[in-house]
Amino acid sequence: MKSLWILGVFLATLLQTTFAWARIERFAVIIGNNAGAPGDVELRYAESDASRVHDVLKDLGGFPPANMVLLRGEGADTVRATLIAMNDRIRQAAAPDVQIIAVVYYSGHADATALHLGKTTLDLPQLEQLVRGSAASFRILVLDACRSGALTRVKGGSPAAPVDIRIDGRLAGEGVVFLTASSANEDAQESDALKGSFFTHYFVSGLMGAADDNGDGFVELEEAYDHAYDNTLRASSRTLAGTQHPTFRYELRGQGKVLLTSLPAGASGRATLALPAGRSYLLFGGSSAGPVVAEVSARDVARKISLKPGTYFVRGRETDYLLEGSITLSAGQAATLRDDMLTQVAYARLVRKGQARAGAAHGPQAGYRLRTAFWKGASPCHGFFAGYAIETEHVSLTPRLGACRGGFTNDFLSADTDELDLSLRVAHAWDFPIVSLDLGVSAGAALLHESFDTRGVAPARTSFAGHVGAGLDAMVDLPAGFYLLGEVAAETYFFRQQDAVDPKESAITAAFAMRLLGGAGKRF
């Protein structure tokens, strides 16, 4: 829980320029491994999480690339040897006028006793000793792994309420900190939607600017704590595994300034993007299929993100639609995102893309309907329909109730034919830039009532009919979830018709008709 609060103490020193030391050296070993021990489920994003941490520390935290090592998919022997070699380098760089900061980050499988690095393991006590044994003034170990809270159980290893942080501008500046993404009995979770772990995703997003609540261009201690703690708990509370609680253990002394990252537009050739308030945004690298680079929620006060130059796919979320589009940023650019730079994507389209928070969009529809006559000489049947559409990722289901009136006139009589119809339509939709088209089949039953006006005797008659059909829909989305609908379908009606000579005799008759619909609907 307090992990990012304590992490702020150490990363704050990375940008500190008022230390008594004349020079600050920064070192980091960043480790990610998707593979675990036999029986562990293969992770998808541990190695990419490590890359993200490496990049944000290099670009915004002031770590020289020569002092950083990124290990992806390596075993315990390589990790152990790298940590020993880094400690040797730190020992050689140590001097009275040099302050050294060392960060070790790991994302992957673990249990309460060891890291699972493929088929090899690295005991947590040995890892802790390698970090403690460093000659660096500041040492920090961050573990984004299942049950890694065993390392911090002595202090803060169990869930607790958020603490009210009240700190002045200078904090402890020497010591060691151990941070974990979960407590000793919890799973550290990763998300397919985020393409990364909750803990690392919100931590990195915060350092990129999402935690800069006061808008001064620096991510401060309280800002980072509030952002990462709130978002990690909120996101993990909606998962099947349950809420995930980061934990901490620290031993500090001395003083340092409370700054985490610096966010000027030109930092390390980066750009800044300002996002409109009141809406949550996700930024993907390259295209919508790329990795999630950063997130700013509707609740965040900070609306600026520091990004590498390049093209990003931006997705802003409203209640019933998304705003989507691409933006290209150049080094040193300070850009502002506007709604007119993005395309509105209706909620039903999100469902069909499998990207909606709920599994279906649904709502009423109503309008005008016309059915062509069954027999030559009769007039079309004009009327109305009302239905309720349920749209899922793969199919749309629409029960409808319709009514219409038609008839015919000849030299002997005139007749009115009333139809009351109940049907179910099943369709699959394809979305295009302006219109959505769906192809569907339908089946239903109708009640037909005929009444006659004649000089002779012609009693009214009522008959039942069944019908099947197939047709094409076109839908145009409107604001606020409304849409316009047009449909054309071919239908075959089957009904029992009495013999004109002997009313006791009857036969099943088939009649072909075309149906046209025009109306509007609303989705929720």
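These exercises work through a predicted model of one chain.

**Exercise 1.** State what the chain consists of in secondary structure, and what share of its residues is buried.

Solution. The chain holds seven helices and 31 strands. Of its 524 residues, 51% are buried, where buried means under 20% relative accessible area. The exposed area of the chain is about 23100 Å², and carbon and sulfur atoms account for 58% of that area.

**Exercise 2.** Among contacts between residues at least 6 apart in sequence, find the share that joins residues at least 24 apart.

Solution. That share is 69%.

**Exercise 3.** Give the strand order of the open five-stranded sheet containing S20 and S21, and identify which strands stand at its edges.

Solution. The order is S18-S17-S20-S21-S23, and the pairing is antiparallel. Strand S18 (292–296) and strand S23 (343–346) each have a single partner strand, so each has one side without a neighbour in the sheet. On average, neighbouring strands of this sheet are turned by 20 degrees against each other, direction ignored. Within the sheet, strand S20 (residues 310–317) runs antiparallel to strand S21 (residues 321–329), and eight bridges join the two. Thr311 lies opposite Thr328 in S21.

**Exercise 4.** Explain why the buried residues of helix H4 are on the same side of the helix.

Solution. Start with the buried residues of H4 (residues 124–132): Leu124, Leu127, Glu128, Leu130 and Val131. These residues cover an arc of only 160 degrees around the axis, and therefore lie on the same side of H4. In general, an α-helix has 3.6 residues a turn, so residues three or four places apart point the same way. Finally, the face of H4 turned away from the buried side carries exposed Pro125 and Gln129.

Note on methods
Residues numbered from 1 in each chain as written. Predicted model: local features only at pLDDT ≥ 70, side-chain atom pairs only at ≥ 80, totals over all residues. Heavy atoms only, no water. Helix = DSSP H or I, 4+ residues; strand = E, 2+ residues; numbered from the N terminus. Buried < 20%, exposed > 50% of the residue type's maximum accessible area, 1.4 Å probe, protein only. Contact = heavy atoms within 4.5 Å. Areas by Shrake-Rupley, 256 points an atom, 1.4 Å probe, with all protein chains shown as cover. Pairing = 2+ DSSP bridges. Axes fitted to C-alpha atoms, helices over the stretch in contact; angles between N-to-C directions. Arc of directions from axis to C-beta.
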